[in-house]
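Please open the model in your viewer and keep the side chains visible, since this tour moves from one selection to the next and says what is found at each stop.

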Amino acid sequence: PHWSLAYPPYTEQLDMEAVWRRCVPGRACGVETLLLSPEDQILNLCLHLVHHNGSAPLLWVSELDHILRQQQTTLKWPTLLETAHGAGVGRLVAAAFQRARTMCDTPLPDGMLEQLAAQRAVRPSLASAVIDSVNIPGKESLAAWVVLKGWRAKWRYAGGLLFPSPEFMRLHYGLSNRWQLVYWYVKRPARL
């Protein structure tokens with residue numbers, strides 16, 4: 001489960017209380033629960049696709065195309081547009097829609113791409129960096145560090161990131177002896 005539909009550096013700009021209000025009752029894995037509204041599900045798919053950029057599998061583009069076709073006539077497009085603009089992610093959503101249209105010939109309402117792309121991003125240089133960036137190791141960790149409030153939280157996060165528990169190191173790197181652990185504790189900060 002995610003605690004936000006957006007990714008750093010946009011996590012705090014999305015009104016999650018409104019997302020919760022728009023949730024609809026449904027079933028997941030045989031359990032009665034709340035599901036994202038179709039508009040929020042599309043927003044999340046778009047942001048996930050753009051967040052992973054070039055490393056995103058074609059399946060994700062296909063899923064976006066599928067839900068847009070399935071919900072085309074019932075989707076509350078003004079709600080989607082308002083939510084994207086409110087979070088400052090209109091350009092990101094437009095980039096995902098454009099990718100789906102290019103790869104799958106996804107139908108979109110007339111002017112939708114233009115309305116999304118025309119929005120002045122809250123952080124235009126960050127929006128461009130997210131859209132144009134390659135998926136490099138540590139990108140998500142750095143973005144999360146940037147949005148943390150206060151230097152104390154930043155230092156704690158950086159310390160945990162650079163020097164995680166020995167159990168994490170053994171599992172993550174498949175280590176089997178103490179000397180490998182020492183080696184990776186030295187190598188990890190340089191890698192990050």
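Begin by selecting Trp151 together with Lys154 in this predicted model, where Lys154 lies over the face of the Trp151 ring, at 5.8 Å from the ring centre. For a second arrangement of this kind, select Arg178 and Trp179: the charged end of Arg178 sits over the ring of Trp179, 5.8 Å from the ring's centre.

Turn next to the rings that pair with one another, of which the model has 3 aromatic pairs. Select Trp77 and Phe97, which form an edge-to-face pair with 6.2 Å from centre to centre and 70 degrees between the planes. This pair links distant parts of the chain, as Trp77 belongs to helix α4 (residues 77-87) and Phe97 to helix α5 (residues 90-104), the two being 20 residues apart. If you switch on a surface here, keep in mind that Trp77 and Phe97 are both buried.

Then move to Tyr183 and Trp184, another edge-to-face pair, with the centres 5.7 Å apart and 85 degrees between the planes. Are these two rings buried or exposed? Tyr183 has a relative accessible area of 46%, so it counts as partly exposed, whereas Trp184 counts as buried because its relative accessibility is 16%, and the cut-off for buried is under 20%.

To finish, add Tyr173 to the selection, and you will have the cluster into which ring pairs link Tyr173, Tyr183 and Trp184.

Technical notes. Residues are numbered from 1 along each chain as its sequence is written. This is a predicted model: local features need pLDDT of at least 70, side-chain atom pairs count only at pLDDT 80 or more; totals for chains, interfaces and linings use all residues. Side-chain values use heavy atoms; hydrogens and water are left out. Rings of Phe, Tyr and Trp (its six-membered ring) pair if their centres lie within 6.5 Å; planes under 30 degrees apart count as stacked, over 60 as edge-to-face and the rest as tilted. Helices (H or I, at least four residues) and strands (E, at least two) are DSSP runs, numbered from the N terminus. Buried means under 20% relative accessible area, exposed over 50%, partly exposed in between (1.4 Å probe, protein chains only). A charge sits over a ring if NZ of Lys or CZ of Arg is within 6 Å of the ring centre and within 35 degrees of the ring normal.
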